[in-house]
Amino acid sequence: MSAYLVFNYRINDREAYDPYLAAVPSILEAHGAEILAADFESEAVEGDAGHVTVVLRFPSKEAAKGWYDSPEYQEIIGLRVDNCDGLAVLANGVGS
């Protein structure tokens with residue numbers, strides 16, 4: 001079953017964050033992820049959401065966790081979490 005990883009955050013230091021944007025696509029591709037949405041001007045319709053929203057699809061939760069925990073991603077994750085405020089949520093898809 002597919003799994004979805006949804007990120008929503010505000011960028012606090014764009015210059016320090018930009019190397020993350022350059023590095024992450026190839027790591028996602030290597031782990032079978034598909035970028036379904038990537039919006040740097042997303043609009044909140046409820047709550048206090050950040051302006052960046054990214055939705056990734058993985059073949060399974062295990063695949064998503066494998067990407068997140070991979071040495072390649074762990075090497076760059078600080079470029080995002082140290083320079084942004086927000087959240088990430090992992091959820092199963094519906095159906096098979």
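**Stop 1: β1 and β3**

Select residues 3-11, strand β1, and residues 52-58, strand β3. The two run antiparallel to each other and pair over 7 bridges. Keep in mind that this is a predicted model.

Now pick out single pairs. Show L5 in β1. Opposite L5 stands L56 of β3. Move to V6 and find its bridge partner in β3, which is V55. In a regular strand, side chains alternate between the two faces of the sheet.

**Stop 2: β4 beside β1**

Add β4, residues 84-92. Its pairing with β1 is antiparallel too, and runs over 9 bridges. Select A3 and look across to N92 in β4, its bridge partner.

**Stop 3: the whole sheet**

Show the 4 strands together. Which order do the strands take across the sheet? Read β2-β3-β1-β4. The sheet is open and its pairing is antiparallel. At the edges are β2 (34-39) and β4, each of which pairs on one side only. Neighbouring strands are turned against each other by 10° on average, ignoring direction.

**Stop 4: helix α2**

Select residues 61-69, helix α2. This helix lies across β1, β3 and β4. Its angle to β4 is about 150°.

**Stop 5: the largest nonpolar core**

Nonpolar side chains tend to be buried together in soluble globular proteins. The largest nonpolar core here has 20 residues. Which members touch the most others? Select Y9, L56, F58, W67 and Y73. L56 was also the residue opposite L5 at the first stop.

Colour the core by element next. β1, α1 (14-30), β3, α2 and α3 (71-81) each give two or more residues. α1 gives the most, with 5 residues.

Centre the view on Y9. Leaving aside residues up to four places away in sequence, Y9 touches Y17 and Y20. Its contacts also include G50, H51 and V52. Further contacts are R80, C84, D85 and G86.

**Stop 6: the largest pocket**

Rolling a probe the size of a water molecule over the atoms shows where empty space is left. Turn on the surface and find the largest pocket, which holds about 170 Å³ of space. Its lining counts 15 residues. Which of them lie nearest the centre? Select Y20, L21, V24, L28 and V54. Y20 is also one of the contacts of Y9.

Finish with the elements behind the lining. β1, α1, β2 and β3 each supply at least two residues. The largest share, 6 residues, comes from α1. α1 is thus a helix to revisit: it also gives the most to the largest nonpolar core.

Conventions:
Residues numbered from 1 in each chain as written. Predicted model: local features only at pLDDT ≥ 70, side-chain atom pairs only at ≥ 80, totals over all residues. Heavy atoms only, no water. Pairing = 2+ DSSP bridges. Axes fitted to C-alpha atoms, helices over the stretch in contact; angles between N-to-C directions. Contact = heavy atoms within 4.5 Å. Core = buried A, V, L, I, M, F, W, Y, C linked by side-chain atoms within 4.5 Å. Buried < 20%, exposed > 50% of the residue type's maximum accessible area, 1.4 Å probe, protein only. 1 Å grid on protein atoms, 1.4 Å probe; cavity = no way out; pocket = protein on both sides within 12 Å on 5 of 7 lines; lining within 4 Å. Points joined across faces, edges and corners; volume = space filled by probe spheres on them.
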